[in-house]
Amino acid sequence: MSVLRTLESKIAGFVEGTFSRAFRSEVRPVELARKLAREMEEHKSSSLTHVYVPHEYRVFLSRRDRERFADYEAALADELAGYLLEHARREELTLMARPVIEFETDPQLGLGEFGIQTGIVQAPQEQVEEVRAEPEPPPVPEPQPPPPPVGAPGAGRTMVYSSASRLAEPLEERARSRAEKALLLMDGRRMVVASEGVSLGRSRSCDIVLSDPNVSRRHAEIRPRGGSWVLVDLGSTNGSRINGRSIEGSEVVKPGDQIELGSTRLTFELE
């Protein structure tokens, strides 16, 4: 395991270990950390020399979820901010300031569901020096307005996640999808697919990290859908295949199916 992977594991383990006893609801700190990192990467803004990402995040929780860890909110926000800071450093992303995370209650969310809204970051304009025959006074840069606060009209869209299921499903269908444990087999390893699904790719923010140069940073996801599981391609460069056949969008996977992502092969199973 690389030094960076070890560091990420320690951070994730510390967050989960510190607060796991306090969080009795379905929302777990590690899930929040992963989705915050995902939103960070999906709101990039590039300049000539840097890739900027937002530093302001608002997390919306159901009333019951927030009540259950109200006493730990400040400590959790600080740990999640530290996790995002380390993630940005590892991925060579530039922050305008230390990450700031605020929690809000949304009565429309159910137990185990949470939403994430990011601020919008604009990459500063970088001056390019030109060689001139005669020196000219440098232009006076126009002042750049600060990024809008989270929740302002210019803020990013709010993404809603569920630690119980990534898709809204009838309770009876959701119960059937959880009756059997989904597994991915790769190189003799058995990896359990979480009830809400897993993401796969080269990015360290993915649930299953694949060290394959032919795999995109966020390549695919396996999600529950009704009483089945589906493989969802996330717009990867080299595509996703089931039993040697390329898929478009998403497709149901069945026990024994061979999943190909880049040069990596995995077997889907249920037990």
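Here are four short exercises, each with a worked solution, on the structure above.

This is a predicted model, in which local features need pLDDT of at least 70, side-chain atom pairs count only at pLDDT 80 or more, and totals for chains, interfaces and linings use all residues. Residues are numbered from 1 along each chain as its sequence is written, and side-chain values use heavy atoms, with hydrogens and water left out.

**Exercise 1. Find out how confidence varies along the chain.**

Step 1: Begin with pLDDT, the predictor's confidence in each residue, from 0 to 100. Its mean over the chain is 76, and 69% of the residues reach 70 or more.

Step 2: Look for the extremes. Confidence is lowest in helix α5 (residues 171-179), with a mean of 43, and highest in strand β17 (residues 258-261), at 96. Helices (H or I, at least four residues) and strands (E, at least two) are DSSP runs, numbered from the N terminus.

Step 3: Check residues 127-134, where pLDDT stays under 50 and the model has one contact (heavy atoms within 4.5 Å) beyond four places in sequence. Where pLDDT is low, the predicted coordinates should not be read in detail.

**Exercise 2. Describe how α2 and α4 pack.**

Step 1: Take the angle and the distance. Helix α2 (residues 29-41) packs against helix α4 (residues 73-90) at about 45 degrees, and their axes are 10 Å apart. Axes are lines fitted to C-alpha atoms, for helices over the stretch in contact, and angles run from 0 to 180 degrees between N-to-C directions.

Step 2: Name the arrangement. That angle makes α2 oblique to α4; angles under 35 degrees count as roughly parallel, over 145 as roughly antiparallel, 65 to 115 as roughly perpendicular and the rest as oblique.

Step 3: List some partners. Among the residues that meet are L32, L36 and M40 in α2, and L76, L80 and Y83 in α4.

**Exercise 3. Work out which strands edge the five-stranded sheet.**

Step 1: Read the order of this open sheet, β11-β10-β12-β13-β16, with mixed pairing. Strands pair if DSSP finds at least two bridges between them.

Step 2: β11 (208-209) and β16 (250-253) each have a single partner strand, so one side of each lacks a neighbour in the sheet.

**Exercise 4. Locate the residue opposite Y52.**

Step 1: Strand β2 (residues 51-53) pairs with β4 in the parallel sense, over two bridges.

Step 2: Y52 stands opposite T94 in β4.
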